[in-house]
Amino acid sequence: MKKSVFILLFLTSLGFSQSKALVDSLDSITNFIEERLDIKPGTSIIVTKDNETLYTASNGLSSIELNTHNTINTMYDLASIAKMFTGYSIAALEVEGKLSMDDDIRVYLKDFPEYDHKITIGHLVHHTSGIKNWTYLIYEMGWSSEDKISTDQLLRAIYAQKRLDFVPGDRYQYCNSGYVLLTKIIEEVTNQSFVSWTDEHIFKPLNMNSTFFNQDQNKVIEGMSSAYRLDNDGNRIREAYNTSALGSSSLISNAIDMGKWMNFLLFPPKNKKDIVSKMFTTKKLNNGDTNNYAYGIEIEDYNGHKVIGHDGSWSSFTSYMTIVPELNVGIFFANNYRIGTGQIRDLYLEVLFPKDKEANTSSKEEKNNAKEESTEAEKEVVISTEQLDKYIGYYKLGDAWYLDIMKKGKDLYTQSNGENAFYMKPVNDSTFMVRAYGNRTITFVTNKKGKVDKLVYNNITANRKTSPFYFNAEAFKKYEGVYYSTELGVLYSIEVNTDKMLYKNIKTGDFELIYENDQLFFSDGKLSKITFEYNNENQITGFYKINSKKEKLYYFNKAN
């Protein structure tokens, strides 16, 4: 049952009837989102205008087990929205002259690895450092978001890395690690814990009495919601909340407090204007290209208006906060389930300042089409076993990038190398929707001879592989051995049996390594793409984990 409450104000720029129509439109968006959910959790939302609360709403359950409802006071993990508070802290210390964006981070982090290139505070702030992202590091280490992970563990993982992904300042690459490091710089400069400093200088002065950075995964938080998601088979499950990643994440708050924060950013007091102004400052890349990421916030254009904000997503908590300075508008919402927050934000923004009439008409047509497509996708479609069998096989999307279409019971599943297998929901006889791929579809194509020879996914045409992958047990024996990474603290063994080449890890399990060419292997598990390294005697010395651009990411030595 939906629970919704809103506050209607007599805005100076709108009459009563216009104001009521606006609030009704906002409420219709909230209802529209709720009606489309196939999972009971929900949302808390607040919209501010001219330093006042225009609209609040809440729906769904904060706890399915206890049947408690979300309210505007429900507590959520806001994940990466935390970065704007870290960014504000850095901006405040910069305005006070206690640090500079050009400072080498090793001035403050004495034990940080020394790379070939200087890394500045500004590189951390604007996501241009080249430091490896801790969210990828824990994946490579075999950890998951449900493992109990502390900030200290993340710092040890970050410090263990021996190479950067690129020269600092050369490109933008979102990096949670940089914002964890910023908290240590703040502590070094202030001689105060990050948790204590933000509480004293941000949350208490703004009366954000329910907001704090959580450094204790065991802490009991009054009014805290639980996070839920649907698994590959559509079953509703609760996801554990076990990570503390100060600075980059782990911010606990609610809609009421975030309304106060938005009003502060839109109407900062005189003694804080320089800090907020600094916080909205971006810096170009080394080649002069624009980088729209400022101090923990992204600056975008929407219908000719500058919008400033950030999204958050962790452990099935999702959220978004955005302000529109030209209109003195702020929007914040938090969910205890996984959903595309950017699309929701745009729905609310369009109500607050729609496009011109022609564009708005087009937008309505697009929405109606999307609704029709969604309704079509939600219909129950039954496909015969014989028809499903025609689709089973490998389809090549790119270099060492395949979709393995398989059947489990009476259903089709898709597995891209390096990922889990995901359920494919039939839309019609040849098209399937995959929830895990953002509800994108996979369409199978039949040739003139009646054979399925390709599929189309995300505008990529993938040809079906008609011959088996190359395997030669004798030739592959040279790859056998134990491989280890001191950067990740991970050990793998590679073994060849009569029909497969396997790599094994105690935590992640056994996975098959598949031959693409002499330089490239890929897998059906965690280790998605690797290239082996040789010495002058043509002996294997190790392998690199590589990405889709064939950039070398992590090195594994072969043990003697």
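Which residue in strand 24 is the bridge partner of I494? The partner is Y503. I will start from that pair and work outwards. One caution before that: this is a predicted model.

I494 and Y503 belong to the pairing of strand 23, residues 490-496, with strand 24, which is antiparallel and runs over 4 bridges. The two strands make a hairpin, and 4 residues lie between them. On the other side of that hairpin story is strand 25, residues 509-517, which pairs with strand 24, again in the antiparallel sense, over 5 bridges. Here K504 has D510 of strand 25 as its bridge partner. The connection is another hairpin, with 3 residues joining strand 24 to strand 25.

How many of the 5 residues of strand 24 are buried? The count is 4, so strand 24, residues 501-505, is largely enclosed by the rest of the structure. As a general reminder, strands of a sheet pair through backbone hydrogen bonds, in a parallel or an antiparallel way.

Now a surface feature. V482, Y484 and L491 form a nonpolar patch, and together they offer about 240 Å² of accessible area. Y484 sits in strand 22, residues 481-485. Its relative accessibility is 33%, so Y484 counts as partly exposed.

One more hairpin, elsewhere in the chain. Strand 10, residues 298-302, pairs with strand 11, residues 305-314, in the antiparallel sense over 5 bridges. I299 stands opposite I308 of strand 11. The hairpin leaves 2 residues between the strands, and N303 in the turn has a positive phi of about 55°.

Next, an open sheet of 3 strands. Their order is 5-9-6, and the pairing is antiparallel. Strand 5, at 76-77, and strand 6, at 212-213, are the edge strands, each pairing on one side only. Between strand 5 and strand 9, residues 251-253, there are 2 bridges in the antiparallel sense.

Y76 is worth a stop here. Y76 lies in strand 5, and S253 in strand 9 stands opposite Y76. Is Y76 buried or exposed? Y76 is buried, because its relative accessible area is 1% and the cut-off for buried is under 20%. There is also a long-range contact in sequence terms: Y76 and F317 are 241 residues apart along the chain, and their C-alpha atoms are separated by 7.0 Å.

On to charges. The structure holds 23 salt bridges, and I will show three of these pairs and one network.

The pair K545 and E140 has its closest N and O atoms 2.6 Å apart. K545 belongs to strand 28, residues 540-546, and E140 to helix 4, residues 134-140, so this salt bridge ties together parts that are 405 residues apart in sequence. Both K545 and E140 are buried.

The second pair is E551 with R171, where the closest N and O atoms are 3.4 Å apart. E551 lies in the loop between strand 28 and strand 29 (552-558), while R171 lies in the loop between helix 5 (151-159) and helix 6 (176-190), so parts 380 residues apart in sequence are tied together. E551 counts as partly exposed at 25% relative accessibility, and R171 counts as partly exposed at 24%.

The third pair is local. E187 and K184 meet in a salt bridge at 2.8 Å, N to O. What separates E187 and K184 in helix 6? They are separated by about one helical turn, because they are 3 residues apart in that helix. E187 is partly exposed at a relative accessible area of 22%, and K184 is partly exposed at 27% relative accessibility. As for the network, salt bridges that share partners join R229, E239 and R338.

Last item: empty space inside the model. Rolling a probe the size of a water molecule over the atoms shows where such space is left. The structure holds 1 cavity of 30 Å³ or more, and the volume of the largest cavity is about 50 Å³. Which residues line the largest cavity? They are T30, I33, T43, N59, F333, N335, I344 and Y348. Helix 1 (16-35), strand 13 (329-335) and helix 10 (341-352) are the elements that give two or more residues to that lining.

That is the tour.

Terms used:
Residues numbered from 1 in each chain as written. Predicted model: local features only at pLDDT ≥ 70, side-chain atom pairs only at ≥ 80, totals over all residues. Heavy atoms only, no water. Patch = residues over 30% accessible without salt bridge, like charges linked within 9 Å, V, L, I, M, F, W, Y side chains within 5 Å. Areas by Shrake-Rupley, 256 points an atom, 1.4 Å probe, with all protein chains shown as cover. Salt bridge = Lys/Arg side-chain N within 4 Å of Asp/Glu carboxyl O. Buried < 20%, exposed > 50% of the residue type's maximum accessible area, 1.4 Å probe, protein only. Pairing = 2+ DSSP bridges. 1 Å grid on protein atoms, 1.4 Å probe; cavity = no way out; pocket = protein on both sides within 12 Å on 5 of 7 lines; lining within 4 Å. Points joined across faces, edges and corners; volume = space filled by probe spheres on them.
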